[in-house]
Amino acid sequence: MVTIINFSSRKNGNSLHIANVCKDNFEQSIVYNLSENDYHKCGNCNYECLQKEKCPVNDNLYKLYESIFDSELVIFIVPNYSEFPCANYFIFNERLRGYFSTDECLYKKYTKINKKFIVVTNTQNNNFEVAFKYHVDKHKVPDILYMSSKKFKQSSISGSLMENDDAKNVVIDFIKDEYVCERSAMAIVFYQDKLLVTNEEIYGRLTISLPKGHIENDETTVETAMRECFEETGVKLKRRHFITELEPFEIRFINHYNKLVKKAIYPIVFELHNFVRPYSIEKRIKEIKYMPIFEFMDKGTYDNIKEIVKIAMTKRG
Ligand SMILES: Cc1cc2nc3c(=O)[nH]c(=O)nc-3n(C[C@H](O)[C@H](O)[C@H](O)COP(=O)(O)O)c2cc1C
């Protein structure tokens, strides 16, 4: 059984169409539309839930809770309203906390149920990941797909996103866990109080990041990091510059062929003892420089890479 929850306020918009695509792809599934009148917000109560008493609000949400506990997968479809999940999502979230307040074990059981989150948005930000954390096991990162009408050359207001076959296939791949898996290695190269950084164009956007690229068949992760560093920055690393290899981390994105990609990135830490002049060979790389670490923490494009750099700093001698 798969429970699909559509949080959108719109009667016949992108979120409902995505919900229907999800429904059609599972044998046993049910869609709940949270904008219908059968679901109530918290209110007109004495905070019974905070006193570990039963929530006095009585509505159809209990039927939805039952459906969730009967499911092996729950799919949340949440539109972006003003850079946050829409209000219906927060209503559900707050009521759910009330429901679990009398039974901590039930909450734990709830977090173990497999969940996927589809955000309908033209922008992408951390607010969604933070908001969804409540619903997943505390050691897990919420599994989120950001569906942008703009990416598929549709207007979100026209509600036509699922008429685009590429967009529809991305949704199906996501709910079916069908990813193209890739592996990449990244060179974190320290020189004094600086980091070797690239300013390159990725998917049409100038990105301040670190040298990295695909691991070829017979290469080790360290060899890839050294090769990519040379190809992207002209800086030739030697074995003596190697410090350590850090735990890989995962990124997910939709590639140029509209395929969902799951990429494991292996961070390899190096330390240069002498200045080596960088130079650009690849056209897409606009600038290479040794950037003060504090400046990278401010200007670097990706927060997850900044976090890895913080860990790498603790490994320097
Ligand atoms: C009040 C409101 C605020 C919105 N704010 C944003 C926003 O900040 N960023 C964005 O990408 N889309 C925003 N949108 C557009 C919705 O995300 C878009 O309409 C999307 O298709 C929602 O799914 P729906 O078609 O089911 O409504 C907003 C829509 C509404 C109604």
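How many residues surround the ligand, and which are the closest? In this predicted model, the ligand is surrounded by 17 residues, and the closest are Ser8, Gly13, Ser15, Pro79 and Asn122. Select these five beside the ligand to begin the tour.

**The shell around the ligand**

Colour the shell by residue class. It holds 11 polar, four nonpolar and two charged residues. Next, select helix 1 (14-24) and strand 3 (73-81), each of which supplies at least two residues of this shell. Strand 3 gives the most, with three residues.

**The whole protein**

Zoom out to the full chain of 317 residues, of which 31% count as buried. The secondary structure comprises nine helices and 14 strands, and the C-alpha trace spans about 70 × 45 × 35 Å along its principal axes. Among contacts with a separation of 6 or more, 71% are between residues 24 or more positions apart.

Two selections divide the chain according to the domain assignment: residues 2-175 for domain 1 and residues 180-313 for domain 2. The C-alpha centres of these two domains are 35 Å apart.

**Strand 5 and its partners**

Return to strand 3 and add strand 5, residues 114-120. These two strands are paired in the parallel sense, with seven bridges. To see one of the pairs, select isoleucine 77 and its bridge partner in strand 5, isoleucine 118.

Now add strand 6 (residues 144-147), which runs parallel to strand 5 and is joined to it by four bridges. Here the pair to display is valine 119 with its bridge partner in strand 6, tyrosine 146.

Why is strand 5 described as largely enclosed by the rest of the structure? Five of its seven residues are buried, so the surrounding structure largely encloses this strand.

Show helix 5 (residues 126-132) as well: strand 5, helix 5 and strand 6 together form a right-handed β-α-β unit.

**Helix 1 and what covers it**

Which residues of helix 1 are buried? They are Asn14, Ser15, His17, Ile18, Ala19, Val21 and Cys22. Ser15 is also one of the residues closest to the ligand. To view the cover over the buried residues of helix 1, display strand 1 (2-6), strand 2 (29-33), strand 3, strand 5, strand 6 and helix 6 (165-175), which are included in it.

**Two residues to inspect individually**

Select glutamine 124, which lies in the loop between strand 5 and helix 5. Because glutamine 124 has 14 C-beta neighbours inside 10 Å, it counts as partly exposed; a residue would need 20 or more to be buried and 12 or fewer to be exposed. A distance drawn between the C-alpha atoms of glutamine 124 and methionine 147 reads 9.3 Å, although 23 residues separate the two along the chain.

The final stop is threonine 111, in helix 4 (residues 104-112). Is threonine 111 buried, exposed or partly exposed? Threonine 111 has 16 other C-beta atoms within 10 Å, so it is partly exposed. Leaving aside residues up to four places away in sequence, threonine 111 touches His135, Val136 and Asp137. Add lysine 133 to the selection: its C-alpha atom is separated from that of threonine 111 by 9.4 Å, and the two residues are 22 apart along the chain.

Conventions
Residues numbered from 1 in each chain as written. Predicted model: local features only at pLDDT ≥ 70, side-chain atom pairs only at ≥ 80, totals over all residues. Near = placed C-beta within 6 Å. Nonpolar A, V, L, I, M, F, W, Y, C, P; charged D, E, K, R; others polar. Domains from an automatic or database assignment. Pairing = 2+ DSSP bridges. Right-handed = clockwise from strand over helix to strand, strands pointing away. Contact = placed C-beta atoms within 7 Å.
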